[in-house]
Every structure is written in structure tokens, then in C-alpha cells.
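Colleague: Could you walk me through this model at bench-side pace? I would like to ask as we go.

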Amino acid sequence: MSNTANKDYDVIIIGAGIGGLVCGCYLAKAGMKVLIVEQHHKPGGYCTSFKRNGFTFDAAAHSFGSYREGGNMRRVLDALDLDKRIEIKRYDPSDIIISPDYKITFWADTDRTVEELQQAFPEESESIRNFIRHLTTAKPIDFAVLRRKTFKDFLDRYFQNDRLKAIISIPILGNGALPPSLISAFTGSKIFTEFLLDGGYYAGECMQALPDALAERFKELGGTLKTSCLVKKIKVRDNEVEGVVLEKGNNVSAKYVVSNADARQTFFELLGSNVVEKDILHKIDGMVPSLSIFTLYLGIDRPPATLPKAGTNVWFLPNYNLEDLYLSAKNMTDDIEYFMMRFSPDKKTILAFANAPFRDRKFWYDKKLKFIDTFIRKIETTLVPGLSTRVVYKDAATPYTLYRYTLNYKGAAYGWATFPSQLFTPELKMTTPIKGLFLTGHWTTHTQGIPGVAYLGCDAAKLILKKERTYKK
Amino acid sequence: MTNGNIESEVISIISDISGFDPGEITPETSLPDDLEIDSIKAIELTVALEKRYKISIRDSDIPEINTVGQIIDLTKRLISHG
């Protein structure tokens with residue numbers, strides 16, 4: 001059903017992160033001729049894995065959520081017939097939060113989690129039940145109430161206890177890189193429901209299994225994936241896309257282009273000021289990206305007995321002032337105060353990460369090793385005594401590493417900072433004023449995380465299929 | 001701005017966000033069931049209407065929105081209340 005009259009492809013997708021791959025699979029499945037171009041040598045974006053000294057490490061994304069019946073990931077993987085090809089395991093508990101006074105476990109059984117929270121905060125019993133019931137049963141339209149609110153506003157509607165609010169918010173600070181007073185209520189509540197209440201899923205042997213399976217399926221469906229290839233320009237004529245220019249100057253034409261790349265690159269470099277209105281460029285120039293992360297990778301010879309269960313994310317919260325903790329991460333003090341660590345499902349490695357600001361290559365060249373040792377010491381003194389004696393391999397990805405591998409602006413881990421004022425920025429809608437050009441991925445300001453970008457990839461594909469009048473529900 | 005204009009404009013905004021052709025959208029159309037308006041699109045839609053008509057949709061109005069007709073009526077009411 002391809003309708004490529006005089007064009008090389010129906011659709012070209014820039015970026016083989018999860019959003020680009022899902023978008024490509026849906027379009028190819030509908031019979032369109034699709035090319036995905038990726039500058040890195042493997043697909044996955046932030047969802048890749050790598051091998052060093054016999055150890056396999058997940059680079060950034062280390063688990064995913066929203067795989068319950070009706071969840072976004074379940075719907076996408078089912079629709080692409082991947083549910084039976086990738087072995088998806090759920091680690092239970094998905095998350096544990098450790099603070100000076102509490103240890104709160106997030107179980108696969110939400111009722112059990114509710115009971116645990118109620119035992120720790122008996123005076124908030126009813127509010128805890130109401131909060132979780134609202135998040136898990138609200139109609140889609142009900143979330144529109146949150147559009148201008150912060151997550152703090154939302155929590156204040158339910159709870160009095162500041163310690164409880166901090167415990168609920170620490171995984172949101174880690175996974176959204178903003179404290180409750182700054183992150184939008186919508187993003188905060190989605191991270192809570194999709195990453196915590198329905199989190200802990202893992203694909204195959206390592207996270208790379210997920211993009212690899214999507215890439216394989218995409219090729220089976222007739223799609224072409226070109227890796228190690230940078231797109232230099234999106235060609236536009238009379239306000240309509242014509243295709244892209246690749247790094248060696250090759251022109252490839254298409255009726256539609258979907259950019260799953262960093263939005264600044266899309267607008268400033270791939271399109272440029274000849275194509276995009278000055279007001280739009282000005283608006284995007286003034287937008288704030290999310291913080292990046294510093295990720296620690298450790299290979300260990302024998303697991304210390306004090307290690308948490310493999311596959312569980314453990315959050316360390318040193319105090320309950322998340323606003324100050326965020327500022328210390330943003331301003332990059334010499335210490336790491338809060339962090340997440342995880343003993344890998346294969347029980348051979350540890351991944352830990354902390355929010356961190358962007359600094360250039362020179363800065364990290366001097367500081368990386370020192371930061372690695374500070375981080376190991378921190379884990380050792382807070383959660384895993386004796387850790388340093390078991391480490392046989394250590395390395396880290398700095399914010400600059402994230403930029404280098406993905407070209408994401410300032411190594412931003414989560415696209416734009418999800419302040420309520422930046423949520424759903426009209427200039428970054430999936431449909432753009434340029435005919436045939438669509439945006440997808442976390443730089444659209446809509447949502448983030450693996451389920452989020454999978455949803456956006458699928459939705460961008462649906463928009464194109466609706467335009468082509470070939471969309472089937 | 002006539003009521004007819006508002007109706008066709010709101011339908012055009014809903015079409016833009018949902019991706020469905022304006023011809024498929026009538027006042028009886030259900031936003032979640034027929035047009036797949038989920039939580040993300042529900043926010044996009046309310047934000048787009050508030051911006052276009054310089055109106056403020058109250059929290060208490062939101063749970064009442066289910067069909068295209070209901071959101072057209074709400075928009076008209078909020079515009080006329082200035």
C-alpha cells in the first residue's frame with residue numbers, strides 16, 4: 001500500500017531511540033516504506049547496554065513500567081507481536097526507598113504497598129488510600145485538572161506529613177530531575193503510577209534486548225535501519241518536507257519526516273532559520289532542558305551479603321528536604337547526596353545514578369575518577385558496607401557521555417524540564433506547521449521514560465496513518 | 001464570533017490533537033471512546049482551548065466533559081461569561 005510516488009521512502013524517522021523504533025514498526029506494519037536513520041552504531045538511545053571486561057551494563061534505562069494489562073508498553077509490544085519474543089520479567093519489589101527513619105517497599109501488589117505506607121504513616125492512612133485510588137482509577141479527562149499544577153500542589157491536596165511527601169517524591173526527583181515544587185503534577189503522577197506502582201519490568205538478558213527486538217521486527221516488516229549515519233538537514237520546500245540530507249551529502253526523499261531527535265537540533269540545525277519562524281526559534285532557545293545524570297557502573301567479583309535483591313531499584317534519601325537536595329545536585333557540590341542503586345538481574349554488576357548538571361569534556365576529564373570514588377564511598381557508607389573490596393571493574397557515564405552518544409542537548413536525561421509552564425509547549429506539538437514534519441520522543445514535552453516515548457512513537461505513527469486515511473483502531 | 005464558528009473551530013482543534021478528520025467528528029462523538037482522547041490529549045485539548053479563546057476551564061467542569069458536544073457547550077458558555 002506504499003504510495004511513494006517519486007519518493008525514496010514514505011517516511012524517514014530521525015533517531016532509533018525507543019520512540020523512533022516504535023513509530024517505525026507501526027508505520028511499516030501498516031505497509032509504509034520507512035527508513036530510520038541513527039547516528040550511533042546501535043539502536044536504543046538511552047535504552048542500550050554495553051560490555052566491558054566480561055560484564056554487561058545497561059547504559060541508562062535499567063527497567064521499565066506500564067506493562068500491566070492495558071498499560072502503554074503492553075499495548076505496544078502486543079500490537080507488534082513482540083510480547084512472546086522478548087522474555088519480560090517483573091522484579092518484585094520494583095523499588096525500595098531508604099530514608100533516615102523509614103524503609104518503604106513498592107511491591108507488585110499495590111495493596112501491599114498501600115499497607116506498608118499506612119503502617120509507616122498511620123495518621124495518613126485514608127489519604128494514602130485515596131491518593132493511590134485516584135491515580136489508578138481516574139478517567140483520562142480527570143488529569144486535565146493537573147495541567148497547571150505542580151506535584152507539590154497535588155501532594156498537598158492529600159497529605160500533611162512532609163516526610164511522606166518526600167518519600168513519595170524521591171523517585172520522581174530521580175526519574176524526572178525536578179523536586180515537587182517544580183515538576184508538573186501530571187509528570188509526577190505519571191512517574192509515580194507508571195514507574196513505581198507498575199514498575200520493575202526487564203527485557204531479556206539486558207535492556208538492549210528491547211531496542212534490538214524492535215529493530216529486528218522493524219526490518220521484518222520491511223523497514224530499513226541505517227546506523228552510524230548522521231542526518232545533517234531536513235529538506236523543506238514551500239513549507240513542505242522533501243526528505244533529509246545525510247552526512248555524506250546524500251539526499252533521501254520522503255513524504256513524511258519524523259524527528260525523534262533533540263528538539264534544539266531539529267529546529268536550529270536540521271531545519272534552520274530559513275525554514276522556522278524567528279518567534280519559534282526564540283521560544284525554543286529560552287526553554288530549559290532537564291538535568292542530566294551521572295551513572296556509575298561497577299563490576300563485582302562476589303556480591304556482598306548486604307546487597308539488595310537483584311533487579312530492585314533502591315533509593316537513598318539522606319533527609320526530607322528535596323528542594324535543597326535538588327539544588328545541591330543542580331549546583332554540583334563535591335558530594336553525592338541522594339541516589340539510586342540497583343544490583344543487576346544477572347547479579348554481576350551494580351548500576352547507580354545521581355542527577356547532575358551538564359559540564360564540558362574538560363571538566364569531566366579532571367573529575368570523573370574522583371566522582372566515581374566518591375560515589376562508591378557513598379554507597380558503601382549508606383547502603384552496602386564492604387562494597388569497595390568487591391569491585392573489580394569501575395567506570396561511569398558523565399552528562400557529557402550522554403551528550404556524546406545521543407547528541408541530546410546538554411546531556412539532558414529527560415528532554416525538557418517538565419515545569420508546568422513547559423508542559424505541552426504548543427511549538428513542540430507532534431504535528432508541526434511544516435507539512436509532513438512530525439515530532440516525537442521526550443523532547444516534545446509530552447511525557448518521558450520508556451513507556452512515555454513508546455506511547456509517543458505509536459501516537460506519531462497513528463497521526464500519519466490518519467492523514468493517509470489508513471488508520472485502523 | 002458566532003456559535004457556528006466556535007463549533008467548527010473547536011472541532012478543528014479536536015481534529016488537530018486527535019488526528020481524526022473533522023468529518024468524523026460530531027457533537028455526539030465520545031472523546032475517549034471514539035477519538036482516543038487519553039490523559040495527555042485531554043490536557044493538550046484543554047490547554048489549546050484556553051489559549052485560543054482566552055478562557056479558564058474550572059476544575060469542577062472537567063469531570064463533566066465526555067463528548068465533543070459537551071466541550072463545545074462549555075467553551076461557548078465560558079466565552080459568553082467573558
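Modeller: Gladly, and one definition helps at the outset: a residue is buried if 20 or more other C-beta atoms lie within 10 Å of its own, exposed if 12 or fewer, and partly exposed in between, with C-beta atoms placed from the backbone. This is a predicted model, where local features need pLDDT of at least 70 and side-chain atom pairs count only at pLDDT 80 or more, while totals for chains, interfaces and linings use all residues. Residues are numbered from 1 along each chain as its sequence is written, and chains are lettered from A and ligands numbered from 1 in the order in which they are written.

Colleague: Is Ser228(A) buried or exposed?

Modeller: Ser228(A) sits in the loop between strand S9 (224-226) and strand S10 (231-237) of chain A; helices (H or I, at least four residues) and strands (E, at least two) are DSSP runs, numbered from the N terminus. Its phi is near 50 degrees, a positive value in a residue other than glycine. Because Ser228(A) has 11 C-beta neighbours inside 10 Å, it counts as exposed.

Colleague: And Thr445(A), buried or exposed?

Modeller: Thr445(A) also has a positive phi, near 75 degrees, without being glycine. It lies in the loop between strand S18 (437-439) and H14 of chain A. There are 24 C-beta neighbours inside 10 Å of Thr445(A), so it counts as buried.

Colleague: How many residues of strand S16 of chain A are buried?

Modeller: Thr349(A), Leu351(A), Phe353(A) and Asn355(A) point one way from S16(A), while Ile350(A), Ala352(A), Ala354(A) and Ala356(A) point the other way, and all are buried. The strand covers residues 349-356 and is largely enclosed by the rest of the structure, because its buried residues number eight of the eight.

Colleague: Which residue stands opposite Ala352(A) in S16(A)?

Modeller: Two strands pair if DSSP finds at least two bridges between them. S13 (residues 292-300) of chain A runs antiparallel to S16(A), with eight bridges, and there Leu298(A) faces Ile350(A). S15 (residues 339-343) of chain A also pairs with S16(A) in the antiparallel sense, over four bridges. In S16(A), the residue opposite Ala352(A) is Met341(A).

Colleague: Which residue in the turn between S15(A) and S16(A) has a positive phi?

Modeller: These two strands form a hairpin with five residues between them. In that turn, a phi of about 60 degrees belongs to Lys347(A).

Colleague: Which element gives the most to the largest nonpolar core?

Modeller: A nonpolar core is a set of buried Ala, Val, Leu, Ile, Met, Phe, Trp, Tyr and Cys residues joined through C-beta atoms within 7 Å. The largest has 170 residues, and Val11(A), Ile12(A), Val22(A), Val257(A) and Ala352(A) touch the most other members. With ten residues, the element giving the most to this core is H14(A).

Colleague: How many residues of chain B are in contact with chain A?

Modeller: Two residues are in contact if their C-beta atoms, placed from the backbone, lie within 7 Å. Chain A brings 15 residues to these contacts, and the number from chain B is 18.

Colleague: Which helix gives the most to the side of chain A that touches chain B?

Modeller: The helix in question spans residues 449-467 of chain A and gives three residues to that side. Its name is H14.
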